[in-house]
Structure formats: structure tokens, C-alpha cells
Amino acid sequence: TAGTVTIADAKAGSTTDAATISTVTLNNYGNSTISSNALSTLNLSGTAGTLGLTTGLTTPTNTTLTMNLNKLSGTNTITDSTAAAGAGYKTLNVNSSTADSTLVALNFADVETLNVSGDAKLKITGANTLTAVKDIVVTNTAGFDLGTAAIGATVNFTGGAGDDAVVLSTGFEKAITMGAGNDTVTYGGAA
């Protein structure tokens, strides 16, 4: 209705039972939700609203999510809304290919590894919630802009061949590699 898509697996919200919906494709959608603890692949394109993901299981069997983006735009914050603390996705693989994409924010509080690949630029315009992230690895050849929020002081960041942009927190203490391209590093200052 009015662009809103609601997908709920038969086991949606269960803390013990495995779901079956593993792949979802959305194109030109409004504020939407997906509830499936089996979700492993998201294909997103077109003008989009917010997207909330709920996995349900207290002890997840699937901790990796792959998002394939193609010309995605809009008010499209993507949030892992898993209720159980620490039970969200641990690895997020984002592939931006064919045409450039823009996201408002990635809110994945449990993600420890963020991998960004593809051949089309991905730009995040707002502030992400990636509080547990330890490693960010960019192999995207067109460039990746991580947005306005600073990454943590001990996060490993490896840029790719494109034009990458990252904001470092105050007292940032890691050596980062930006790779090729016309890169932008915003430094938060000394501790």
C-alpha cells in the first residue's frame, strides 16, 4: 500500500525456529520491513524509503548479509532491528554495481566487518550506526563515501581504487590505507 512492503516469514519473530525466506528483491519501494532470520541476500534498486530488518533468533544461524545495490536513492536508511542484543548481522557485504547508489545511513549495531565492492559509486549522506565495526574493506572501483559519522578510534579502514571518503574520530590511532583515487580523509584531531 502506497509503496510500503511488509515481508514476514512464517517463523517471523521466533527466537528458536528457523525461517526460510533468504532472498528479497525490492525496486521503487516505500518505508518497508522484512522479518526473516534466514535473510542472506537483499537486492535493492530505484527510489526507496526506509527498510527495517528483523532476524528474531536469539542465537542466529545466519550472521552475514549481502546487499546488492543498483541506482538506489531516496530516504533509504537501512536498519538491522534485531531485538536480542548482539544477535544481529556480524558481516555486511555491500555490492554497488551498474549505476551509482546513495544511502542515507546503515544502522547495523552488531556488524564487525563491512565489505564494499562493485563498479558503481556508493555514497552515504548521513550518519551510520556501526558501533561494533572493526574492519572496513573497500574494493569498489568507483568509490565509497562512508558518510558523516566518524569511525571508531581502532577501526581498520582499507580503501579501494575509486574516490573514497572517511571521517576519523578524535584520537584515531590506526594506520589506514586509502588506495588509489581522489580520496578524502577528515581527521578528528588528537586525543
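The following exercises, with worked solutions, concern strand pairing and one loop residue in a predicted model.

**Exercise 1.** Determine the order and pairing sense of the five strands in the open sheet, and identify its edge strands.

*Solution.*
1. The five strands follow the order 1-3-5-7-10, and their pairing is parallel.
2. Strand 1 (6-8) and strand 10 (106-107) each pair on one side only, and these are the edge strands.
3. Strand 10 is joined to strand 7 (residues 78-80) by two bridges in the parallel sense.
4. In this pairing, Ile78 is found opposite Leu106 of strand 10.

**Exercise 2.** Establish whether Asn62 is buried or exposed, and describe its surroundings.

*Solution.*
1. Asn62 belongs to the loop that links strand 5 (51-54) with strand 6 (64-74).
2. Its relative accessibility is 18%. The cut-off for a buried residue is under 20%, and Asn62 is therefore buried.
3. A polar atom of the Asn62 side chain lies 2.6 Å from the backbone oxygen of Leu39.
4. The Asn62 side chain also reaches the backbone nitrogen of Thr64, at 3.3 Å.
5. Leaving aside residues up to four places away in sequence, Asn62 touches Asn37, Ala38, Leu39, Ser40 and Tyr89.

**Exercise 3.** Identify the partners of strand 13 and assign its side chains to faces.

*Solution.*
1. Strand 13 (residues 135-138) runs parallel to strand 11 (residues 113-117), with four bridges between them; Val137 is the bridge partner of Asn115.
2. Strand 13 also pairs with strand 15 (residues 156-158) in the parallel sense, over three bridges; here Asp135 stands opposite Asn156.
3. The side chains of strand 13 alternate: Ile136 and Val138 are buried and point to one face, whereas Asp135 and Val137 point to the other and are not buried.

Definitions and conventions. Residues numbered from 1 in each chain as written. Predicted model: local features only at pLDDT ≥ 70, side-chain atom pairs only at ≥ 80, totals over all residues. Heavy atoms only, no water. Pairing = 2+ DSSP bridges. Buried < 20%, exposed > 50% of the residue type's maximum accessible area, 1.4 Å probe, protein only. Polar contact = N/O pair within 3.5 Å; in protein donor to acceptor, adjacent residues only side chain to side chain. Contact = heavy atoms within 4.5 Å.
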